Amino acid sequence: MKVKVAVLQYDVPEKTDESFLKLDEMVDKAVKMGAKLVVAPETAVGEAGETKETGIDHLPRLADIAHRHKVYLATSYYKKDGDRFFNQGYIVAPDGNPVVGHKKVYPAKPEVDNLGVVAGGEVNVAETEIGKLGMLICKDGFNRHSHFLYEKLGELGAEIVCIPNWSIGWKEINTQEYVKGMYTYGTFASRAFVLMSDCINKSFNSYGRSLIISPVRGVLKEGSVDKEEILVEELDLDEVKKAKEFDSWWQPKERIV
């Protein structure tokens, strides 16, 4: 099966209404380019402070965008659940219903220290008309424990992993190549396509370099550092099948060291 996907890269507005208008505009462009699945940057909608104060849930507005454009839509936003605060990701189907929900497992230090974000504790995969979809959020995909998340997604049969991201570099040290390498590794570890959507918010020193990566051919598309872009690619999910079949005889049967 083949499916056309789009990875968005843009400057995410800080205000809630503006962020939804921008996302709607970008999704509209991607759908006109033929995309059936669109991945937007991490926390592409809403304001953290507003959410903590009011407890507002942005899922209905995300569902409206997915439904109007008849597209699968993946992103995350800050969500209050009782007295806990999560970086909540969703992949929403064209009918407006979420098919995958993912709470960020490894929140960044500023999220924990400044916002009180609590870590999630699981990954899951949903079978859809466009393939088996899974999700990670930003730091989930590039830390010392990421291997286990990618491995779990592979075990669950993921064919496409959507990864909304905020930035792949810091002022203290340029980590862009490290992060790119980790996402590429994750593609091969999970034996699934990885779609990483990044933002270009200069006020937060965010870098672009969004990615579409194949588990057979490696990096297929890479965004620029600082330009608004939509990366579009037609994925052949048979590549996932071939990669998994190859592993069935090539990989060692047990860990030695």
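**Helix α6, the six-stranded sheet and the cysteines**

Glu-177 lies in helix α6. In this predicted model, the side chain of Glu-177 is joined to that of Arg-209 by a polar contact of 2.7 Å. Val-112 precedes Glu-177 by 65 residues along the chain, and a distance of 25 Å separates the C-alpha atoms of the two residues. Helix α6 itself spans residues 176–190 and lies across strands β8 (160–164), β9, β10 and β11, running at about 35° to β10.

The strands crossed by helix α6 belong to an open sheet of six strands, arranged in the order β6-β7-β8-β9-β10-β11 with mixed pairing. The edges are occupied by β6 (125–128) and β11 (218–222); each has a single partner strand, so one side of each is left without a neighbour in the sheet. On average, neighbouring strands of this sheet are turned by 20° against each other, direction ignored. Strands of a sheet pair through backbone hydrogen bonds, either parallel or antiparallel. Between β9 (residues 193–197) and β10 (residues 211–214) the sense is antiparallel, and the pairing extends over three bridges. Met-196 stands opposite Leu-211 of β10.

The cysteines were examined next. A disulfide is a covalent bond between the sulfur atoms of two cysteines. With a cut-off of 2.5 Å between sulfur atoms, the count of disulfides is zero. For Cys-138, the closest cysteine sulfur is that of Cys-199, at 8.4 Å, which is too far for a bond. For Cys-162, the closest cysteine sulfur is that of Cys-138, at 15 Å, again too far for a bond. Cys-138 counts as buried because its relative accessibility is 7%, and Cys-162 is likewise buried, with a relative accessible area of 0%.

Technical notes. Residues numbered from 1 in each chain as written. Predicted model: local features only at pLDDT ≥ 70, side-chain atom pairs only at ≥ 80, totals over all residues. Heavy atoms only, no water. Pairing = 2+ DSSP bridges. Helix = DSSP H or I, 4+ residues; strand = E, 2+ residues; numbered from the N terminus. Axes fitted to C-alpha atoms, helices over the stretch in contact; angles between N-to-C directions. Contact = heavy atoms within 4.5 Å. Polar contact = N/O pair within 3.5 Å; in protein donor to acceptor, adjacent residues only side chain to side chain. Buried < 20%, exposed > 50% of the residue type's maximum accessible area, 1.4 Å probe, protein only.
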